[in-house]
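User: Please take a close look at one helix packing in this model, and then at a few individual residues elsewhere in the chain. A connected account would be preferred to a list.

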Amino acid sequence: MSRKRKPFPIFENVTIEAVAAEGKCVAHVEDKVVFVPFVVPGDVVDLQVRKKKRSYCEATVIQFISKSNVREEPMCEHFGICGGCKWQNLPYSEQLKAKQQQVYDQLSRIGKVELPEFRPIMGSVHTKEYRNKLEFGCANKRWYTAEELAALPEGVGLSGGAIGFHITGSFDKIYPIEKCWLMDNLCNEIRNDIRDYALETGMTFYDIRAQHGLLRDLMLRNSNTGEWMLLVQFHYDEEGDDERAKALMQHIAEKFPQITSLFYVDNQKGNDTFNDLKLTLYKGNDHIFETMEDLKFKVGPKSFYQTNTEQAYHLYSVAREFANLTGDELVYDLYTGTGTIANFIAKKARKVIGIEYVPEAIEDAKVNSNVNNIDNTLFYAGDMKDILTEEFIQKHGRPDVIITDPPRAGMHPDVVNVILGASPKRIVYVSCNPATQARDLALLDADYKVAAVQPVDMFPHTPHVENVVLLEKR
């Protein structure tokens, strides 16, 4: 007979002390660290422990005793459910303080390298409608909150397709979003109209567990040139699905002439990634353009481009400043994406060589150079650790400056070793994850000192923060 599990405890009258990692806050109860979501420092609450470990536990609020003065009313009706904007209840000035502290803590505790005084974090120009890209999942059964379940009339079953965001920690649970404040409101109009059309016509929504259902995923992009892109992912199951999909695409094309780039794809994979799939252009151009200073950047559906357009300009301006180019330098731009940084700095360099994993992004990078009449760039596609080798450096020359903007996982140790072997005068390290950046700084520390640190907030209302570090050769 199995032993009965002891129920998790309730902690009463707990004062929330500070902002912690991943958008949670922290308190201490009986010498135990407690992490709590959707609260702010100064809240006094009763907590239900949900997960218990030896040195810490995680808990959720069951009752507010008193609410903190350091608190803001969330703008979004979905706050606390969709899991996206965990800090909408924290004033933006306090968000910036927390992000500045996060960068300092991670660079000092993980990197354990000598650090200069940090520059004050650069806040986002906009805190609403700042994103140029959003993705929404589709599900054949929508997620219901406990309050929604309690309000359902007796005998009414759970049904109805949904388009929205995943519930935190759940790959198969989609909560229907009526209004998201992170993108221009046309995004909401398009998404809700597609949902209504699908429900009215009986179109099936995707069931990720059974891998069945036609309407699977949406990706929306817009740009500061006023263009809009939409990619609809379908999952063809039965005869007639192609006609049903095209009927939806025609409806979208007629209803939203603002969409200048309209794609769809039949994705039969177990996940919703599409970089390896052939997309069908239903209407318009196969790209949109973003502008920055006097430059234009082509962005396709598979391209990486910073999702906060205006703040990206400030981020790249910091990178350019840290590079301190005079016009004579050979620059390597690692993880170049669509060549935004490479082309942004090209006028101040002798030559810029960009490397990126996604071939389509590299093709866009080349186009971006051509569109802007830039003739001192070269771009290569492939895995960074396979392309950036000693042989590559011998062929193209030793860089004076390396700019690196890797994904969240940071740089592969082989890449770090090649950078050390290349021995540039300066390294500009742009990161969306200060923790892995700190790890890489430790690997570079023997030969390079940290000369400047500039945090940049690209994602208001979330705990995510970008950071730019200048490294100078010792």
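Analyst: What follows treats the packing of two helices and then four single residues.

The model is a predicted one. Helix 3 spans residues 186-201 and helix 4 spans residues 241-255. Their axes lie 11 Å apart, and the two helices pack at an angle of about 140°. Angles over 145 degrees would count as roughly antiparallel and those from 65 to 115 as roughly perpendicular; helix 3 and helix 4 are therefore oblique to each other. Their crossing is right-handed. On the side of helix 3, the contact is made by Asp-193, Ile-194 and Tyr-197. These meet Ala-247, Leu-248, His-251, Ile-252 and Lys-255 of helix 4. Sorted by class, the contact comprises 5 nonpolar, 1 polar and 2 charged residues.

Among the single residues, Asn-267 belongs to the loop that joins strand 12 (259-266) to strand 13 (280-284). Asn-267 has a relative accessible area of 0% and is therefore buried, the cut-off for that class being under 20%. Its side chain reaches the backbone oxygen of Asn-271 at 3.1 Å. Leaving aside residues up to four places away in sequence, Asn-267 touches Arg-216, Gln-233, Phe-234, His-235, Asp-272, Thr-273 and Leu-277.

Leu-443 is placed in helix 11, which covers residues 434-444. Its relative accessibility is 43%, so Leu-443 counts as partly exposed. When residues up to four places away in sequence are not counted, Leu-443 touches Val-416 and Leu-420. Leu-443 is also 8.6 Å from Gly-111, C-alpha to C-alpha, although 332 residues separate the two in sequence.

Two further residues are of interest for their backbone angles. Lys-112 has a phi near 50°, a positive value in a residue other than glycine. Lys-112 sits in the loop between helix 1 (92-111) and strand 7 (133-139). With a relative accessibility of 68%, Lys-112 counts as exposed. Asn-324 likewise has a positive phi without being glycine, here near 55°. The loop that holds Asn-324 runs between helix 5 (309-323) and strand 16 (330-334). Asn-324 counts as partly exposed, because its relative accessibility is 49% and the exposed class begins over 50%.

Methods: Residues numbered from 1 in each chain as written. Predicted model: local features only at pLDDT ≥ 70, side-chain atom pairs only at ≥ 80, totals over all residues. Heavy atoms only, no water. Axes fitted to C-alpha atoms, helices over the stretch in contact; angles between N-to-C directions. Helix = DSSP H or I, 4+ residues; strand = E, 2+ residues; numbered from the N terminus. Parallel < 35°, antiparallel > 145°, perpendicular 65-115°, else oblique. Left-handed = near helix turned anticlockwise from the far one by under 90°. Contact = heavy atoms within 4.5 Å. Nonpolar A, V, L, I, M, F, W, Y, C, P; charged D, E, K, R; others polar. Buried < 20%, exposed > 50% of the residue type's maximum accessible area, 1.4 Å probe, protein only. Polar contact = N/O pair within 3.5 Å; in protein donor to acceptor, adjacent residues only side chain to side chain.
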